[in-house]
Amino acid sequence: MKKRLFMVLICAALAVSTVGCAFNINDMINGGNQNDDDDDDEDDDDDDDHSVSQNSDSMKLYEAFLNGSERLYVDEDKFSYYDIDQEVTVSFFDNPNGYLIEEFLQQVSVNVNKYYYCNMESASYTYIDLGKDGEPELLINTAFYTEYSNINRDYVIKCIDDKLVLCKEFDDEGYRTDGLANEYGLIGGTQNYDDYNTYVVRGYLDADGEYNFWYTRQNSYEGYIFLDYRFEKWAYDRDSYDLYLDIYEFEETGIEDLYYKNYCYCAEIPADAPTNGLDRATNVAEAQAIFDEVGVKLYTRAEIDEMMAAKQSEIGLTDEIASIERSRSDYDWKNLSFDYELVNGITDVYVTNVDELMAAINNKATITLAPGTYNVTEWLVRKIRSGEVEHLYDYDSEFYTTADTDEHIFYNGWDDEPALVIRNVTGLTIKAESPTNPATIVSEPIYYDVIDFVNCGRLALNNLIIGHVEQPESTCSGDVVYLTYCNDVVINGCDLYGCGATGLVLYSSYGIEMRDTVIHDCTYGAVNMNYADLKAYDCTFRDIDGWNLFWMSNSYVSYTDCTFSHLYGNYLDEGGDYNSAYYVNCTMDQDMTDYLTAMQAAGCDWIIIN
């Protein structure tokens, strides 16, 4: 049975009551509410008892860190995870010498961009009081924005043995939230799937900066969300799946554990929860019969509350701290300035030779090439011999070679005849300095592509000439530009020429746009597409005597204001289950027009000529 496991951390509302007014860091640092007129206010007295010293040694270290003169140290093992697919441990902070503030923010940006393409737009800080012991901790917030959602990363920093140490990271990504539920260390995490299905995690970051797991809770009205294998024998046979369940865990489950082994089930719908049309008594009775049948205990709400209280006491979380909840917006945040381009890894580089070109390839890099020829083969041969560049494929595992996020250059082919592969790059632009005097990128091995881009996004190639080194009386089997698993690519003002078997090849690549580009004199075809889409504007395809000039399989292409001339072969061939080809205001030889018209007449209604 396919099991559904709702995962993620975040702020959920468990509190019975909310204590105190909006949290203000100035009050905390300066000793609470300074208004002595209201001596009878118990909350004010309580804040005075737990005020934070503004002149503490730890506060001085925090200020030095924020000013760029103190380092923050991170336990690499604590902030890492094991990637099951790659079978490697991925570390998010790996500098044993610690981080100055902008170095830390830069690493945060790198970590976020492992999963998203975005820039850190703002950073701020405030002070908190874990465990309400009067000793301050530093809380830093970083904010990123994508086209789909806002992303926040919060970091708790504590002074331990006269050294600043990162204690905890929280992430908040719109529908999923994760963070401190109050300034004293209560942690709340939740992921809302809809009005009736949520996943909640609660914990406590104590006065020592140590994380303590409290409980998780999944709730569902769908009935089939019995994640324990013991229920499989009847889950598919039920006539109705309308049943409410709360599923709790009070012991944290590791990746090596069975995720359901600590589940505690409760079928009593909480008083503050919607019933979703279920009768409360019937819900419990039906669930009880099912659980009795399979010999699994169904807990009452009172038993769940008792276990929750026992776990709370075990981790040292007081009722006072557990009952306080505040929004992030209630904190007294102060702006933290930083170098925007440095932190976000944005570079703008002018290069004059192939060594400088290859060294500049990175995420969010704009590389401007001086006029001239850049032979990537000569560079690759040197780097392969020195062991600095690996082959794209690990033939022992039959997969791509494992790569860190800062490894972008690989090769195809043989050691002495290598071809360039640019991999795992987002936001890269390579452009010539002058459209009227473009730069030329060449490769020597005619059996391999000039440039392969693998798993790249937001890529731009502007005003470049790209092709193989001309080799007379030879048949080229390598293509010019090959995109694999790429998205959001713009090829503008380029010249893709033979010797090259096909000018542009797209495999599982989407959002590809080509403008004012010429593909010509190739030995096999112009464009080859497999599971891809392409929009071409004002492009020219000419002087190709090949076989399948334009091939597409499960792809979409549109040509607008394009010119097709002196082409010989199959003007369009296709495979797969679906294709769409549009020609809008294009100029083409009569033979090509006749060919496409004949395909339309033969039933290819996916070819549209306007």
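**Two sheets, two cores and a handful of charged pairs**

Let me start with one small detail, which is that Arg153 has Asp171, in strand S7, as its bridge partner. Before I build outwards from that pair, please keep in mind that this is a predicted model, so everything I describe is computed from predicted coordinates.

A second pairing into the same strand matches Asp154 with Phe170 of S7. Both belong with a longer contact between strands, in which S6, residues 150-160, and S7, residues 163-172, run antiparallel and are joined by 9 bridges. The hairpin of S6 and S7 has 2 residues between the strands, and within this hairpin Asp161 takes a positive phi near 55°.

What does S6 pair with besides S7? Strand S5 pairs with S6, again in the antiparallel sense, over 8 bridges, and here the hairpin that joins S5 to S6 passes through 4 residues. If you would like a position to look for on screen, Ala143 stands opposite Asn152 in S6.

Stepping back, these strands sit in an open sheet of 6 strands, with mixed pairing and the order S1-S7-S6-S5-S4-S15. The edges are held by S1, residues 72-73, and S15, residues 334-335, and each of these has a single partner strand, so one side of each is left without a neighbour in the sheet. Helix H4, residues 101-112, lies across S1, S4, S5, S6 and S7, and runs at about 45° to S5.

Is S6 mostly covered or mostly open? S6 is mostly covered, since 9 of its 11 residues are buried. Cys159 is also buried, at a relative accessible area of 17%, which falls under the 20% limit for that label. Cys522 is buried as well, with a value of 4%. As many of you will ask about cysteines, I should add that the structure holds 0 disulfides.

Now to the other sheet I want to show. This is an open sheet of 8 strands in the order S18-S25-S28-S31-S33-S35-S37-S39, and its pairing is parallel. At its edges stand S18, residues 372-375, and S39, residues 587-588, each with a single partner strand, so that one side of each has no neighbour in the sheet. S18 and S25, the latter covering residues 439-443, run parallel and are joined by 4 bridges, and in that pairing Tyr374 stands opposite Ile441 of S25.

Turning to the nonpolar interior, the largest core has 76 residues, and among these Phe541 and Phe550 touch the most other members. Strand S34, residues 525-537, supplies the largest share of this core, with 6 residues. Leaving aside residues up to four places away in sequence, Phe550 touches a list of residues that includes Ala526, Val527, Phe541, Tyr559, Phe564 and Met592. Apart from this core lies another, of 33 residues, among them Met120, Tyr155, Leu164 and Leu336.

I will finish with charges. Side chains of opposite charge can pair when their charged atoms come close. How many salt bridges does a search of the whole structure find? The search finds 18.

One of these brings the side chains of Glu183 and Arg326 together, at 2.8 Å from N to O. Glu183 lies in the loop between S8 and S9, and Arg326 in the loop between helix H8 and S15, so the pair ties together parts that are 143 residues apart in sequence. Are these two residues buried or exposed? Both Glu183 and Arg326 are buried.

A further salt bridge joins Arg217 to Asp246, with the closest N and O atoms 3.2 Å apart. This pair also links distant parts of the chain, with Arg217 in S11 and Asp246 in S12, 29 residues apart. Here the two partners differ in burial, as Arg217 is partly exposed at 23% relative accessible area, whereas Asp246 counts as buried at 0%.

For Arg542 and Asp543, the closest N and O atoms of the salt bridge are 2.6 Å apart. Arg542 is partly exposed at 29%, and Asp543 is likewise partly exposed, at 30%.

Finally, Asp154, which I introduced as the bridge partner of Phe170, returns in a network of salt bridges that links Asp154, Asp172 and Arg328.

Conventions
Residues numbered from 1 in each chain as written. Predicted model: local features only at pLDDT ≥ 70, side-chain atom pairs only at ≥ 80, totals over all residues. Heavy atoms only, no water. Pairing = 2+ DSSP bridges. Contact = heavy atoms within 4.5 Å. Axes fitted to C-alpha atoms, helices over the stretch in contact; angles between N-to-C directions. Buried < 20%, exposed > 50% of the residue type's maximum accessible area, 1.4 Å probe, protein only. Disulfide = S-S within 2.5 Å. Core = buried A, V, L, I, M, F, W, Y, C linked by side-chain atoms within 4.5 Å. Salt bridge = Lys/Arg side-chain N within 4 Å of Asp/Glu carboxyl O.
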